[in-house]
Amino acid sequence: MFAVSPDDSPRPRVGLIYDERMCRHTTPDGKAHPECPERIRAIWKKLESEGIPQRCVVLNAKEVEDKYLASVHTQNHIELIKNISSKEFDSRRQRIASKFNSIYLNVGSSEAAYLAAGSVIEASEKVAKGDLNSVIAIVRPPGHHAESNEAMGFCLFNNVAVAANYLLNEKPELGIKKILIVDWDVHHGNGTQKMFYKDPRVLFFSVHRFDFGCFYPSGDDGAYCMIGEGPGAGYNINIPWEHGQCSDADYIAAWDHVLIPIAKEYNPDIILVSAGFDAAIDDPLGGCCVTPHGYSFLLQKLMQFAQGKIVMVLEGGYNLKSIANSVLACAKVLLQEKSVGSIQTSTFKSTWRVIEAVRHELKGYWPVLDVELPQNLLITNSRPCPPERTYSSSESDVENDEGAARTINVSEFAEDDVLLPLSKLKIDEDNHGKVIASDQVQEEGSLSASEASHDAELMTSNEIVDGYVTWRSLLSKVEVWYASYGSNMWKPRFLCYIEGGKVEGMSAACCGSLDKSSPKDVIWKIVPHRLLFGRSHTRTWGAGGVAFLDPERSTSDRAYLCMYRITLEQFNDVLLQENSLHQEDGIVKQMASPFLDLHILEYVTKNKSLPLKALKDGWYSTVLYLEKEDDLPILTMTCSASDVECFKSGELPASVPAKDYMNTLVNGLVEGKQLTREEAVAYVNGAAT
């Protein structure tokens, strides 16, 4: 509960902007759409029912001037939005709208867009001057997705970016030199980010669902490694959630351990909040669980900065009840009135993972982040990720039992039961029927080997509600070379990790990858690394060592590699199987997220190798980058450099391979036409001794 301001304290002067003319922007054919006029009407009605306008200063909406739009938008874009509602565009308006991503246009769109951008300028100037302490701008269409020359994601002009540029470049006399933009819309503010990516006068902070680059607006822009460029490096901060269901506690953790420490150092002159409420509980697009009290608590934490000068600008939010209640809670906080509620959920483990990654990425720019988070905080204040809906693979070369996973085909299910990403909304189509998803997903829970033979089943819609198949969808489009130096040099053995099954000598079958597509190509390469054999027993092959590649280059050594062109999704499945993390006491475990996503891949290619913390107990915990072939990265997995030293010192056993295991290596080298059988045996024996 927030404290009530003393009776003798002057009431903060809070402004409100709302104009019914912005409701004239609607679908041209009257079809239902989440970004509808009822959004702002519901908010205004709720505020009126609570007497909020009577306790605020109600401002008039104003249309923006073209010269202020030109600070962030191209002239072509301005002219298009300015004239799109005129009669001359009647015959081609819908054709133009269809060329954009998730945009509709009608006869009221131009006026609404100009009013929205102009109203945010008006609100920002009032607060910057000190005429008002804060303003809530209840505007539409929203703006944070709009880019310099493109409308997208329901956004026509970038309202917040236009206002920020206005304060910085058009009104220097107001003394606004540093602006903090906080974007808590569930979707990444791609447009705003790009407009200030090289500008240190704007600290842009976005917390959003990312789902490994698959949640709208998709791609890498919302990744934590996107930190700005040139003079703007370190001034762009992304908190990319890995999945849905994030709640108050997750957002507060991001505030307390990233945003607040940096904001104290930055000391902004004003704060603009891109206040989308689609991370709210019950929102049909967001899939998160932030409560009205949670939003008000986040806002209250921001009021300690910039002398409380805050402009809260409406972005997304598509559940009318949630959006109205959330704006009401925020209005009460700005008015310093009582707000009742409590934060009861704990933080996801994935949230701490993301926060630690962000802090690591930014600590060179913000020394306040160069401190490890207390381990007791990470352990005692976390909950497991929501149940993973993805495939889990089976047998490993290392110590594990037999196991298999059941896969389930997604068939038809009603849209009303599914939280669709924004990118799947098509304005010119009737989107109220059925949606087909072809991905295969892992049934919730852990499966024993005996369940593997069950037939594929229809997965219910609530099992995919958080979009966990999406990281697979993304990584299935990325190709890499998987370089094998061990038993996987023999293609039939490698295909056990892809298609499932086993070859002669293996004690148990593999379940394979979710994507059972064969490699697109197979080639061989020799690299200056040492092949060695370590460990003394594996469940798959029995007594004997298995192959490892010394991570360190050595010009005096050479190792043969059989390279398979596969997807990054398949590589993750192989990595999982090799490290035996999916089994415990014969039960198949879930893979909550990929071990190697696009951003970790980028890091590996720059740094040549990376020991993966998530695999620290596995035998093949280090991903090694071996240059490129056909412009694709060559990756393999091996032990850590410290394990190599332990093999040398005798702290870890180093053993010759088992007969059946050795046969797979020899078969691979011979059938791959690299060596004769005698040469292959000598090569393996030489490495083993």
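Which residue stands opposite Leu635 in β27? The residue is Tyr625, as the close-up of the strand pair below shows. The model is predicted.

**View 1. Strands β26 and β27 run antiparallel.** Strand β26 covers residues 622-629 and strand β27 covers residues 632-638. The two are joined by six bridges. Within this pairing, Tyr625 stands opposite Leu635 of β27.

**View 2. An open sheet is formed by six strands.** The strand order is β17-β22-β16-β27-β26-β25, and the pairing is mixed. Strands of a sheet pair through backbone hydrogen bonds, either parallel or antiparallel. At the edges stand β17 (522-527) and β25 (609-611). Each of these edge strands has a single partner, so one side of each is left without a neighbour in the sheet. From one strand to the next the twist averages 30 degrees.

**View 3. Helices α9 and α10 pack at an angle of about 35 degrees.** Helix α9 spans residues 292-302 and helix α10 spans residues 320-334; their axes are 8 Å apart. The crossing of the two helices is right-handed. On the α9 side, the contact is made by Pro292, Tyr295, Ser296, Leu299 and Gln300. These meet Asn325, Ser326, Ala329, Cys330, Val333 and Leu334 of α10. By residue class, the contact of α9 with α10 holds seven nonpolar, four polar and no charged residues.

**View 4. The largest nonpolar core contains 125 residues.** The members that touch the most other members are Leu47, Ile179, Trp184, Tyr251, Trp255, Phe277 and Met312. A second core, separate from this one, has 78 residues. Among the residues of the second core are Val546, Leu626, Cys639 and Ala658.

**View 5. Asp660 is placed in helix α18.** The helix comprises residues 659-671. The relative accessible area of Asp660 is 33%, so this residue counts as partly exposed, between the limits of 20% for buried and 50% for exposed. Apart from neighbours within four places in sequence, Asp660 is in contact with Gly505 and Trp541. Glu504 is 156 residues away from Asp660 along the chain, yet the C-alpha atoms of these two residues are separated by 7.6 Å.

**View 6. Phe154 and a cis proline lie in the loop between β3 and α6.** The loop runs between β3 (134-137) and α6 (159-170), and Pro141 is placed in it. The peptide bond from Arg140 to Pro141 is cis, with omega near 0 degrees. Phe154 lies in the loop between β3 and α6 as well. Phe154 is not a glycine, although its phi is positive, at about 75 degrees. With 4% relative accessibility, Phe154 is buried.

**View 7. The loop between β5 and β6 holds Asp211 and Pro217.** Strand β5 covers residues 202-209 and strand β6 covers residues 236-241. Tyr216 and Pro217 are joined by a cis peptide bond, for which omega is about 5 degrees. Asp211 has a positive phi, near 50 degrees, in a residue other than glycine. The relative accessible area of Asp211 is 1%, so Asp211 is buried, the limit being under 20%.

Key
Residues numbered from 1 in each chain as written. Predicted model: local features only at pLDDT ≥ 70, side-chain atom pairs only at ≥ 80, totals over all residues. Heavy atoms only, no water. Core = buried A, V, L, I, M, F, W, Y, C linked by side-chain atoms within 4.5 Å. Buried < 20%, exposed > 50% of the residue type's maximum accessible area, 1.4 Å probe, protein only. Axes fitted to C-alpha atoms, helices over the stretch in contact; angles between N-to-C directions. Helix = DSSP H or I, 4+ residues; strand = E, 2+ residues; numbered from the N terminus. Left-handed = near helix turned anticlockwise from the far one by under 90°. Contact = heavy atoms within 4.5 Å. Nonpolar A, V, L, I, M, F, W, Y, C, P; charged D, E, K, R; others polar. Pairing = 2+ DSSP bridges.
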